[in-house]
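Subject: Structure for your files

Dear colleague,

Here is the structure I said I would pass on. My notes on it follow below the entry.

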Amino acid sequence: MTSYAVRSRTSYAVRSRTAVVAAAVVAATAALVLAGCGTSSGTPEPLGTEGGSQPTEARTLTVFAAASLQKPFEQIGRAFEGSHPGVTVKFSFGGSSGLVAQLSEGAPADVLATANEQTMAKAVADDLVKGTPTPFASNTLQIVVPADNPARISSLADLTRSGTKVVLCAPAVPCGSASAAVEKAAGVDLTPVSEEQSVTDVLGKVRSGEADAGLVYVTDVAGAGDEVTGIDFPEAASAVNTYPIATLRDAADASLADEFVEAVTGTQGLETLADAGFTAP
Amino acid sequence: MTTTLVPRWLLVPAALGTLFVGLPIVAMALSVDWSSFGSLVTTEASTDALLLSLRTAAVSTLLCLILGIPLAVVLARATGTAATLLRSLVLVPLVIPPVVGGIALLQAFGRRGLLGSTLDVLGLQVAFSTTAVVIAQTFVAMPFLVLSLEGALRTAGTRYEDVSATLGAGPTTTFRRVTIPLALPGLISGSILAFARCLGEFGATITFAGSLQGTTRTLPLEIYLQREGDPRAAVALSLVLVAVAVLVIGLTRARRDSLAGGAP
């Protein structure tokens with residue numbers, strides 16, 4: 001058996017040197033950890049007088065948004081930065097439920113936009129939201145197939161053919177509950193070969209040709225380019241997702257957050273969203 | 001009993017290191033909702049995931065042994081540029097992100113991958129099957145086994161093997177009676193590491209195999225999914241995974257210590 005014993009030293013000089021080294025190690029570790037965290041929080045820094053006589057302050061707006069909103073929101077964010085000198089818009093895109101979970105655990109953010117009303121309702125119930133959320137866009141499901149459509153899919157019923165590899169979102173995530181609603185409305189029972197974590201995972205499996213078909217949002221197909229084809233189906237109308245947006249209670253700058261919400265729900269914002277395949281709520 | 005001198009100042013960062021690893025595990029155990037723990041971890045989805053994880057990790061570890069032992073022996077005894085290149089190649093899964101491993105596996109065994117059409121002709125469809133889970137786990141875990149066994153073989157050296165040969169034993173007898181018994185502790189700890197890695201495999205599995213209850217959704221995938229639906233279940237299942245890992249390590253450690261006569 002091995003035991004590690006530390007030789008006792010009595011010399012004061014040696015002891016104090018040991019203490020100094022130990023303190024230095026602790027300090028260095030702490031410094032590294034802090035450096036790793038970065039200094040991202042919104043400490044306002046004066047930015048001089050840019051483009052006018054009024055001094056503008058550097059401000060950061062943090063927006064948590066559903067993954068499907070990435071392209072149009074980044075565009076809206078750039079326009080917002082252009083019209084608000086000194087403002088930097090930072091985005092965190094992800095699954096809506098995951099974003100709400102992060103906020104519940106204290107993640108700092110100013111604005112939240114989710115992919116369905118249920119997840120926003122959860123944020124409201126957790127007292128994270130200031131005021132009432134505004135619906136600003138909607139999205140419907142589409143059948144997605146690889147560009148060469150190897151299983152020759154043309155309708156929802158084709159997905160039930162035996163041997164067809166269908167991939168869906170897991171029922172726990174918003175696109176999965178939408179898929180379940182569509183199945184119910186159409187009276188079909190799909191047996192997926194995989195229930196994926198997010199809509200982008202479904203798209204990935206179809207894009208790579210591993211799966212013959214999947215159910216994703218119209219906007220995902222629009223963003224995926226030539227590698228996949230989207231097929232509309234009438235039953236999709238029974239599961240339309242409405243996207244709400246809201247300013248958060250803990251927003252560092254609530255009026256700036258409100259302005260961003262207005263930018264999204266305004267004419268230009270809605271146009272950008274329409275270009276990405278979203279329809280009006 | 002041996003006494004090793006440890007410079008006193010090392011104790012502080014060592015304690016910090018212990019805290020760094022231990023604190024999150026303790027925090028997780030503290031946040032478990034014990035009143036509902038039983039019902040959370042015994043749902044059909046949870047038990048399916050646990051059983052699938054144990055089953056696939058066991059098969060994958062076996063595969064790691066079948067393929068990894070010969071590989072480690074060759075690497076331990078070979079010299080030269082070819083051996084160095086081979087070693088780097090075998091260790092690649094260790095240094096790439098698992099999701100990259102999953103993408104690589106897709107390119108090889110996927111439907112439109114390099115071997116996809118060949119496998120298709122043979123009537124084998126790997127995608128979305130439990131086989132895919134095993135392939136993913138074996139791919140990421142094998143380097144752990146190879147690395148620790150190779151180290152053990154190098155430390156053991158070739159002296160006893162040479163003696164065995166001069167006494168008239170053939171290479172296979174020497175391998176069976178001398179090489180493997182000498183490297184047994186390394187082989188066992190390598191197997192534990194490989195099994196633990198299989199049990200925790202996530203990225204390559206979700207990329208390559210998909211996620212379906214009872215077929216491909218292993219415990220880590222179930223935990224990740226439950227994070228969305230029921231975070232309490234995710235925490236409870238995480239603790240189960242930690243417990244299983246600790247149990248496996250503990251059992252095999254005890255066995256190894258008894259094999260080694262109680263003292264390293």
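Residues 88-110 of chain B are 87% helix and 0% strand, and the C-alpha atoms at the two ends lie 25 Å apart. This is a predicted model, so please read all values here as computed from it. The stretch is one of those that UniProt, in an unreviewed entry, lists as "transmembrane region"; the others in chain B are 53-76, 122-149 and 233-254. For residues 233-254 of chain B the helix content is 100%, with 0% strand, and the end C-alpha atoms are 31 Å apart.

The same kind of record also gives a domain. An unreviewed UniProt entry carries the annotation "domain: ABC transmembrane type-1" for residues 50-252 of chain B. Across residues 50-252 of chain B the model has 81% helix and 0% strand, and 20 Å separate the end C-alpha atoms.

Chain B, surface patch

Val74(B), Leu86(B), Leu89(B), Val92(B), Leu94(B), Val95(B) and Leu147(B) together make a nonpolar surface patch of about 580 Å². Helix α4 of chain B, residues 81-95, is the main contributor to the nonpolar patch, supplying five residues. Val92(B) sits in helix α4 of chain B. Its relative accessibility is 33%, so Val92(B) counts as partly exposed.

Chain B, towards the C-terminal part of the numbering given above

Helix α13 of chain B spans residues 231-259 and contains Ser238(B). Is Ser238(B) buried or exposed? Ser238(B) has a relative accessible area of 15%, and since buried means under 20%, Ser238(B) is classed as buried. Apart from neighbours within four places in sequence, Ser238(B) has contacts with Met28(B) and Ile223(B).

Asp230(B) and Arg232(B) form a salt bridge, with 3.6 Å between the closest N and O atoms. Salt bridges with shared partners bring Asp33(B), Asp230(B) and Arg232(B) into one network. Asp230(B) is partly exposed at 22% relative accessible area, and Arg232(B) is likewise partly exposed, at 42%.

Chain A, overall

Chain A has nine helices and 12 strands. Of its 281 residues, 43% count as buried. The accessible surface of chain A is about 13800 Å², and carbon and sulfur atoms account for 53% of that. If one takes the contacts in chain A between residues at least 6 apart in sequence, 76% of them join residues at least 24 apart.

The domain assignment splits chain A into domain 1, made of 57-138 + 243-275, and domain 2, made of 141-238. The centres of domain 1 and domain 2 of chain A, taken over C-alpha atoms, are 28 Å apart. How many residues of domain 1 of chain A are in contact with domain 2 of chain A? Five residues of domain 1 of chain A touch five residues of domain 2 of chain A.

Chain A, salt bridges

Over all chains the structure holds 16 salt bridges. Two of those in chain A seem worth setting out here.

One joins the side chains of Arg249(A) and Asp127(A), at 3.2 Å from N to O. Arg249(A) belongs to the loop between β12 (241-248) and α8 (254-265) of chain A, and Asp127(A) to the loop between α4 (117-125) and β6 (129-139) of chain A, so this pair ties together parts that are 122 residues apart in sequence. Arg249(A) is partly exposed, with 47% relative accessible area; Asp127(A) is partly exposed, with a value of 47%.

In another, Asp258(A) pairs with Lys130(A), and the closest N and O atoms are 3.5 Å apart. This pair also links distant parts of the chain, as Asp258(A) is in helix α8 of chain A and Lys130(A) in strand β6 of chain A, 128 residues apart. Asp258(A) has a relative accessible area of 28% and is partly exposed. Lys130(A), at 34%, is partly exposed as well.

Regards

How values were computed: Residues numbered from 1 in each chain as written. Chains lettered and ligands numbered in written order. Predicted model: local features only at pLDDT ≥ 70, side-chain atom pairs only at ≥ 80, totals over all residues. Heavy atoms only, no water. UniProt positions renumbered as here; feature names shortened; annotations may be inferred. Helix = DSSP H or I, 4+ residues; strand = E, 2+ residues; numbered from the N terminus. Patch = residues over 30% accessible without salt bridge, like charges linked within 9 Å, V, L, I, M, F, W, Y side chains within 5 Å. Areas by Shrake-Rupley, 256 points an atom, 1.4 Å probe, with all protein chains shown as cover. Salt bridge = Lys/Arg side-chain N within 4 Å of Asp/Glu carboxyl O. Buried < 20%, exposed > 50% of the residue type's maximum accessible area, 1.4 Å probe, protein only. Domains from an automatic or database assignment. Contact = heavy atoms within 4.5 Å.
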